[in-house]
Amino acid sequence: MPAPYLTLKTVVEHETEARRSRFICALAPARTVEEAAAFIAGRRREHPAATHNCTAYVIGERIQKGDDDGEPGGTAGTPMVQALVGRGFSDVVAVVTRYFGGTLLGAGGLVRAYGSAVTETLDRAEPVRMVPAKLVRVAVAHDQAGRVENDLRASRHAVREVTYAGEVTFAVAVGDDEVPAFADWVATLTAGRARVELGDDLHVPA
(Lines give C-alpha, C1' and ligand atoms only; values in the text may rest on other atoms or scores of the structure.)
Protein backbone atom coordinates (compact mmCIF):
# COMPACT_ATOMS: atom_id res chain seq x y z
CA MET A 1 0.00 0.00 0.00
CA PRO A 2 1.40 3.44 -0.89
CA ALA A 3 2.03 5.60 2.17
CA PRO A 4 1.90 9.39 2.64
CA TYR A 5 5.19 11.26 2.54
CA LEU A 6 6.60 14.77 2.64
CA THR A 7 8.35 16.58 -0.19
CA LEU A 8 9.43 20.10 -1.15
CA LYS A 9 8.09 22.72 -3.54
CA THR A 10 11.23 24.81 -3.89
CA VAL A 11 14.97 24.81 -3.21
CA VAL A 12 16.01 25.46 0.41
CA GLU A 13 19.57 26.36 1.47
CA HIS A 14 21.15 26.68 4.92
CA GLU A 15 24.71 26.86 6.23
CA THR A 16 26.09 25.28 9.41
CA GLU A 17 29.58 25.15 10.90
CA ALA A 18 31.58 22.51 12.78
CA ARG A 19 35.12 23.28 13.96
CA ARG A 20 35.49 26.01 11.37
CA SER A 21 34.42 23.72 8.50
CA ARG A 22 31.50 25.23 6.59
CA PHE A 23 28.65 22.91 5.57
CA ILE A 24 26.25 24.41 3.02
CA CYS A 25 23.17 22.25 2.51
CA ALA A 26 20.83 22.69 -0.43
CA LEU A 27 17.62 20.67 -0.76
CA ALA A 28 15.39 20.46 -3.83
CA PRO A 29 12.38 18.52 -5.09
CA ALA A 30 13.33 15.67 -7.45
CA ARG A 31 10.78 13.26 -8.87
CA THR A 32 13.33 11.26 -10.89
CA VAL A 33 16.97 10.20 -10.65
CA GLU A 34 17.63 12.45 -13.67
CA GLU A 35 16.24 15.51 -11.86
CA ALA A 36 18.36 14.67 -8.81
CA ALA A 37 21.49 14.26 -10.95
CA ALA A 38 20.88 17.60 -12.69
CA PHE A 39 20.54 19.42 -9.36
CA ILE A 40 23.71 17.75 -8.02
CA ALA A 41 25.65 18.74 -11.15
CA GLY A 42 24.45 22.33 -10.78
CA ARG A 43 25.58 22.55 -7.15
CA ARG A 44 28.99 21.15 -8.07
CA ARG A 45 29.32 23.85 -10.74
CA GLU A 46 28.42 26.49 -8.14
CA HIS A 47 31.07 25.23 -5.68
CA PRO A 48 34.00 23.93 -7.76
CA ALA A 49 36.52 24.88 -5.05
CA ALA A 50 34.72 23.02 -2.24
CA THR A 51 36.54 20.25 -0.37
CA HIS A 52 33.57 17.92 -0.86
CA ASN A 53 30.09 18.00 -2.43
CA CYS A 54 28.32 15.08 -0.75
CA THR A 55 24.92 14.04 -1.99
CA ALA A 56 21.80 12.05 -1.15
CA TYR A 57 18.44 11.49 -2.74
CA VAL A 58 15.27 9.58 -1.94
CA ILE A 59 12.86 8.97 -4.80
CA GLY A 60 9.65 7.00 -4.53
CA GLU A 61 9.51 4.14 -2.07
CA ARG A 62 12.53 2.20 -3.34
CA ILE A 63 15.32 4.52 -4.51
CA GLN A 64 17.72 5.80 -1.83
CA LYS A 65 21.30 6.76 -2.65
CA GLY A 66 24.08 8.61 -0.86
CA ASP A 67 27.55 9.61 -2.09
CA ASP A 68 30.43 10.46 0.28
CA ASP A 69 32.42 12.30 -2.45
CA GLY A 70 35.78 11.44 -0.90
CA GLU A 71 34.81 11.63 2.78
CA PRO A 72 35.45 8.38 4.77
CA GLY A 73 32.92 5.71 3.73
CA GLY A 74 29.52 6.02 5.38
CA THR A 75 30.18 9.38 7.07
CA ALA A 76 28.31 11.67 4.68
CA GLY A 77 25.92 10.18 2.12
CA THR A 78 24.41 7.61 4.49
CA PRO A 79 23.58 10.02 7.36
CA MET A 80 22.16 12.43 4.78
CA VAL A 81 19.84 9.72 3.40
CA GLN A 82 18.89 8.73 6.96
CA ALA A 83 18.05 12.35 7.78
CA LEU A 84 15.67 12.56 4.80
CA VAL A 85 14.03 9.18 5.44
CA GLY A 86 13.84 9.78 9.20
CA ARG A 87 11.81 12.93 8.61
CA GLY A 88 9.49 11.15 6.16
CA PHE A 89 10.72 12.89 3.00
CA SER A 90 10.79 11.47 -0.52
CA ASP A 91 11.22 12.85 -4.06
CA VAL A 92 13.97 15.05 -2.60
CA VAL A 93 17.70 15.57 -3.30
CA ALA A 94 20.26 16.98 -0.87
CA VAL A 95 23.75 18.34 -1.54
CA VAL A 96 26.01 19.27 1.38
CA THR A 97 29.02 21.31 0.28
CA ARG A 98 31.94 21.29 2.71
CA TYR A 99 34.73 23.83 2.90
CA PHE A 100 37.39 22.33 5.22
CA GLY A 101 38.27 24.51 8.20
CA GLY A 102 41.60 22.94 9.13
CA THR A 103 40.45 20.63 11.95
CA LEU A 104 39.63 16.95 11.42
CA LEU A 105 36.22 15.98 12.76
CA GLY A 106 36.64 12.21 12.95
CA ALA A 107 34.06 9.73 11.69
CA GLY A 108 31.49 10.47 14.39
CA GLY A 109 31.88 14.20 13.94
CA LEU A 110 31.39 13.91 10.18
CA VAL A 111 28.25 11.79 10.60
CA ARG A 112 26.80 14.38 12.98
CA ALA A 113 27.83 17.31 10.79
CA TYR A 114 26.36 15.95 7.55
CA GLY A 115 23.21 14.60 9.18
CA SER A 116 22.51 17.81 11.09
CA ALA A 117 23.20 19.93 8.01
CA VAL A 118 20.27 18.17 6.34
CA THR A 119 17.93 18.14 9.35
CA GLU A 120 18.54 21.83 10.13
CA THR A 121 17.79 22.72 6.52
CA LEU A 122 14.60 20.61 6.62
CA ASP A 123 13.60 22.61 9.71
CA ARG A 124 13.60 25.73 7.51
CA ALA A 125 11.63 24.17 4.65
CA GLU A 126 7.89 24.27 4.01
CA PRO A 127 7.04 20.62 3.41
CA VAL A 128 4.26 19.47 1.12
CA ARG A 129 2.35 16.42 2.33
CA MET A 130 1.67 13.93 -0.45
CA VAL A 131 -1.09 11.36 -0.02
CA PRO A 132 -1.84 8.13 -1.94
CA ALA A 133 -4.02 8.58 -5.01
CA LYS A 134 -5.24 6.82 -8.12
CA LEU A 135 -5.06 7.82 -11.75
CA VAL A 136 -8.75 7.61 -12.67
CA ARG A 137 -9.70 7.44 -16.36
CA VAL A 138 -13.04 8.99 -17.28
CA ALA A 139 -14.25 8.16 -20.80
CA VAL A 140 -17.18 10.07 -22.30
CA ALA A 141 -18.80 10.60 -25.68
CA HIS A 142 -17.63 13.59 -27.72
CA ASP A 143 -20.92 15.44 -27.20
CA GLN A 144 -20.28 15.48 -23.42
CA ALA A 145 -16.53 16.10 -23.50
CA GLY A 146 -16.56 19.91 -23.44
CA ARG A 147 -18.73 20.22 -20.36
CA VAL A 148 -16.99 17.37 -18.55
CA GLU A 149 -13.55 18.86 -19.23
CA ASN A 150 -14.65 22.28 -17.95
CA ASP A 151 -16.03 20.80 -14.75
CA LEU A 152 -13.00 18.55 -14.22
CA ARG A 153 -10.58 21.46 -14.62
CA ALA A 154 -12.67 23.56 -12.22
CA SER A 155 -12.50 20.79 -9.61
CA ARG A 156 -9.66 20.25 -7.11
CA HIS A 157 -8.48 17.14 -9.00
CA ALA A 158 -5.60 17.51 -11.47
CA VAL A 159 -6.28 16.49 -15.08
CA ARG A 160 -3.05 14.74 -16.18
CA GLU A 161 -3.91 14.06 -19.83
CA VAL A 162 -6.73 14.08 -22.37
CA THR A 163 -6.96 11.48 -25.16
CA TYR A 164 -9.22 11.86 -28.22
CA ALA A 165 -10.28 8.69 -30.01
CA GLY A 166 -13.67 7.04 -30.46
CA GLU A 167 -14.48 8.72 -27.18
CA VAL A 168 -12.67 11.31 -25.06
CA THR A 169 -10.73 10.01 -22.06
CA PHE A 170 -9.54 12.18 -19.18
CA ALA A 171 -6.83 10.89 -16.83
CA VAL A 172 -7.45 12.51 -13.44
CA ALA A 173 -5.41 12.25 -10.22
CA VAL A 174 -7.80 11.58 -7.32
CA GLY A 175 -6.89 10.92 -3.68
CA ASP A 176 -7.59 7.33 -2.61
CA ASP A 177 -10.21 8.34 -0.04
CA GLU A 178 -12.00 10.55 -2.59
CA VAL A 179 -12.36 8.00 -5.41
CA PRO A 180 -15.90 6.78 -4.51
CA ALA A 181 -17.26 10.33 -4.20
CA PHE A 182 -15.48 11.32 -7.43
CA ALA A 183 -17.06 8.40 -9.32
CA ASP A 184 -20.50 9.36 -8.00
CA TRP A 185 -19.93 12.98 -9.04
CA VAL A 186 -18.93 11.93 -12.58
CA ALA A 187 -21.98 9.67 -12.82
CA THR A 188 -24.26 12.56 -11.85
CA LEU A 189 -22.47 14.97 -14.19
CA THR A 190 -22.84 12.66 -17.20
CA ALA A 191 -26.23 11.11 -16.37
CA GLY A 192 -24.48 7.77 -15.93
CA ARG A 193 -22.96 7.77 -19.44
CA ALA A 194 -19.31 7.98 -18.40
CA ARG A 195 -17.03 4.98 -18.07
CA VAL A 196 -14.75 5.23 -15.02
CA GLU A 197 -11.67 3.00 -14.62
CA LEU A 198 -9.02 2.98 -11.90
CA GLY A 199 -5.41 3.12 -13.08
CA ASP A 200 -1.96 3.48 -11.55
CA ASP A 201 -1.13 4.36 -7.97
CA LEU A 202 0.40 7.80 -7.47
CA HIS A 203 0.49 10.63 -4.91
CA VAL A 204 -1.13 14.06 -4.86
CA PRO A 205 -0.71 17.03 -2.51
CA ALA A 206 -2.99 16.75 0.52
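Which strands does a hairpin join through 3 residues? I looked this up first and found that the hairpin runs from β8 to β9, where strands (E, at least two residues) and helices (H or I, at least four) are DSSP runs numbered from the N terminus.

**Ground rules.** I am working with a predicted model, in which local features need pLDDT of at least 70 and side-chain atom pairs count only at pLDDT 80 or more, while totals for chains, interfaces and linings use all residues. Residues are numbered from 1 along each chain as its sequence is written, and side-chain values use heavy atoms, with hydrogens and water left out.

**Division of the chain.** I noted that the protein chain is divided into domain 1 (5-125) and domain 2 (130-205), with bounds that come from an automatic or database domain assignment. Taken over C-alpha atoms, the centres of the two domains are separated by 39 Å.

I then checked the UniProt record, whose positions are given in the numbering used here, with shortened feature names and annotations that may be inferred rather than shown by experiment. The unreviewed entry lists "domain: Impact N-terminal" at residues 19-122, and I found that span to be 39% helix and 29% strand, with its end C-alpha atoms 22 Å apart. The record also lists "domain: UPF0029" at residues 138-193, a stretch with 43% helix and 32% strand whose end C-alpha atoms lie 10 Å apart.

**Sheet of domain 1 strands.** I traced an open sheet of 5 strands in the order β2-β3-β6-β4-β5, with antiparallel pairing; two strands pair if DSSP finds at least two bridges between them. At the edges I found β2 (12-18) and β5 (63-67), each of which pairs on one side only. From one strand to the next the twist averages 15°. Strand β4 (residues 52-59) is joined to β5 by 5 bridges, the two running antiparallel, and I confirmed that Tyr 57 has Lys 65 in β5 as its bridge partner.

Next I looked at which helices lie across these strands. Helix α2 (residues 77-86) lies across β3 (21-29), β4, β5 and β6 (92-99), and runs at about 35° to β4. Helix α3 (residues 106-123) lies across β2, β3, β4 and β6, running at about 45° to β3. For these angles, axes are lines fitted to C-alpha atoms, for helices over the stretch in contact, and the values run from 0 to 180 degrees between N-to-C directions.

**Cores.** A nonpolar core is a set of buried Ala, Val, Leu, Ile, Met, Phe, Trp, Tyr and Cys residues joined through side-chain atoms within 4.5 Å. I found that the largest one has 25 residues, and that those with the most contacts inside it include Phe 23, Leu 27, Met 80 and Leu 84. At least two residues of this core are supplied by each of β3, β4, α2, β6 and α3, and α3 gives the most, with 6 residues. Apart from this core lies another, of 16 residues, among them Val 136, Val 138, Val 148 and Val 168.

I followed Leu 84 further: leaving out residues up to four places away in sequence, Leu 84 touches residues including Leu 27, Ala 56, Val 58, Val 118 and Leu 122, contact meaning heavy atoms within 4.5 Å.

**Arg 43.** Is Arg 43 buried or exposed? Arg 43 counts as buried because its relative accessibility is 4%, given that buried means under 20% relative accessible area, exposed over 50%, and partly exposed in between (1.4 Å probe, protein chains only). Arg 43 is placed in helix α1 (residues 33-46), and its contacts beyond four places in sequence are Glu 13, Ile 24, Ala 26, Asn 53 and Val 95.

**Strand β9 and its partners.** I noted that 8 of the 8 residues of β9 (residues 168-175) are buried, with Val 168, Phe 170, Val 172 and Val 174 on one side and Thr 169, Ala 171, Ala 173 and Gly 175 on the other. Strand β7 (residues 128-140) pairs with β9 in the antiparallel sense over 8 bridges, and Leu 135 stands opposite Ala 173 in β9. Strand β8 (residues 158-164) is also antiparallel to β9, over 6 bridges, and I found Ala 171 to be the bridge partner of Glu 161.

**Leu 202.** I last looked up Leu 202 in strand β10 (residues 195-205), which is buried with a relative accessible area of 15%. Among the residues that Leu 202 touches, not counting those up to four places away in sequence, are Leu 135, Arg 160 and Ala 173.
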